[in-house]
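Me: Here is a model that I would like to go through strand by strand and contact by contact. Please reason through each point before you settle on a name or a value.

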Amino acid sequence: MKPLRRAYKLALAYFVLSLWSAGCMSPTLEEDPSDVNQPPHIAAEFLTPAEDVIHVESPDVVSLAVESLLDPNAEQALYYAFIGERSGLIEQAAASPQPTNERYRGLFYLFDRAAVQVDPCGERLRGHDGELIRLFVTDRPFQRVTDRGVKIDDEGYLDSHRWLLRFRPQLCP
């Protein structure tokens with residue numbers, strides 16, 4: 001009986017070892033959630049103005065902003081660019097993490113404000129009935145920024161928002 005029992009134990013050990021080496025029984029390795037890159041976020045409650053379509057009734061400069069940019073990861077910076085359909089590249093910069101350790105909704109780290117001012121009577125906008133302004137935010141430096149858009153790294157993520165400025169007829173003197 002002993003040789004049969006020994007052969008059985010050897011066969012069982014061989015079977016378990018082959019399953020383990022094939023990965024069937026290997027321990028599962030879960031990635032640390034902080035190591036997984038997730039996209040930045042533009043929250044609607046931080047938009048100024050909150051409307052997507054803005055009716056411009058005076059020749060005064062229009063301010064567009066996101067009061068805080070958000071990212072689930074503790075990045076060194078978020079990168080943004082404001083680009084107008086007619087205006088082209090208006091501003092490109094980086095937003096630093098806010099100094100507080102508080103997290104927005106327990107999910108996002110807060111980053112500095114991204115803002116731009118648009119002159120509806122500027123040279124490129126004068127005589128037009130409107131302008132589309134897009135804000136692009138990424139968690140990696142832009143590979144390329146042009147008057148038409150942005151190109152990001154394959155490992156980066158991008159979020160965007162747009163405002164449509166509608167100009168009153170004969171807005172500019």
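Me: Which residues of strand 2 form its covered face, and which its uncovered one?
Reply: This is a predicted model, in which local features need pLDDT of at least 70 and side-chain atom pairs count only at pLDDT 80 or more, while totals for chains, interfaces and linings use all residues. Residues are numbered from 1 along each chain as its sequence is written, and side-chain values use heavy atoms, with hydrogens and water left out. Strands here are DSSP runs (E, at least two residues), as helices are runs of H or I with at least four residues, both numbered from the N terminus. In strand 2 the uncovered face consists of Val-53 and His-55, and the covered face of Ile-54 and Val-56.

Me: In which sense do strand 2 and strand 12 pair, and which residue of strand 12 stands opposite Ile-54?
Reply: Two strands are taken to pair if DSSP finds at least two bridges between them. Strand 2 and strand 12 have four bridges, in the parallel sense. Within strand 12, the residue opposite Ile-54 is Leu-165.

Me: What is the order of the five-strand open sheet, and why is one side of strand 2 and of strand 6 left without a neighbour?
Reply: The five strands of this open sheet have mixed pairing and follow the order 2-12-9-5-6. Strand 2 (53–56) and strand 6 (88–95) each have a single partner strand, so each is left with one side without a neighbour in the sheet, because both stand at the edges. From one strand to the next, the twist averages 20 degrees, where axes are lines fitted to C-alpha atoms (for helices over the stretch in contact) and angles run from 0 to 180 degrees between N-to-C directions.

Me: How many bridges join strand 5 and strand 9, and which residue of strand 9 stands opposite Ala-81?
Reply: Strand 5, residues 78–84, pairs with strand 9 in the antiparallel sense, over six bridges. Opposite Ala-81, in strand 9, stands Phe-136.

Me: Is Thr-138 buried or exposed, and which backbone oxygen does its side chain reach?
Reply: Thr-138 lies in strand 9, and its relative accessible area of 0% makes it buried (under 20%, against over 50% for exposed and in between for partly exposed, with a 1.4 Å probe and protein chains only). Leaving aside neighbours within four places in sequence, its contacts (heavy atoms within 4.5 Å) include Pro-40, Leu-78 and Ile-152. The side chain of Thr-138 reaches, at 2.7 Å, the backbone oxygen of Tyr-157.

Me: With which side chain does Asp-139 make a polar contact, and at what distance?
Reply: Asp-139 lies in the loop between strand 9 and strand 10 (144–145), and counts as buried at 3% relative accessibility. Its side chain reaches the backbone nitrogen of Tyr-157 at 2.8 Å. A polar contact is a pair of N or O atoms within 3.5 Å, where within protein one must be able to donate a hydrogen and the other to accept it, and residues adjacent in sequence count only if both atoms are side-chain atoms. The side chain of Asp-139 makes such a contact with that of Asn-37, at 3.0 Å.

Me: What is the strand order of the three-strand open sheet, and which residue of strand 3 is the bridge partner of Leu-47?
Reply: The three strands form an open sheet in the order 1-3-8, with antiparallel pairing. Strand 1 (47–48) and strand 8 stand at its edges with a single partner strand each, so one side of each is left without a neighbour in the sheet. Two bridges join strand 1 to strand 3, residues 62–66, and the bridge partner of Leu-47 in strand 3 is Val-66.

Me: Which cysteines does the disulfide join, and why is the disulfide left-handed?
Reply: The structure holds one disulfide (a pair of cysteine sulfur atoms within 2.5 Å), which joins Cys-121 to Cys-172 with an S to S distance of 2.0 Å. The pair links distant parts of the chain, 51 residues apart, with Cys-121 in the loop between strand 8 (114–118) and strand 9 (130–138) and Cys-172 in the segment after strand 12 (158–167). Cys-121 counts as buried, at 11% relative accessibility. The disulfide of Cys-121 and Cys-172 is left-handed because the torsion about its S-S bond is about -95 degrees.
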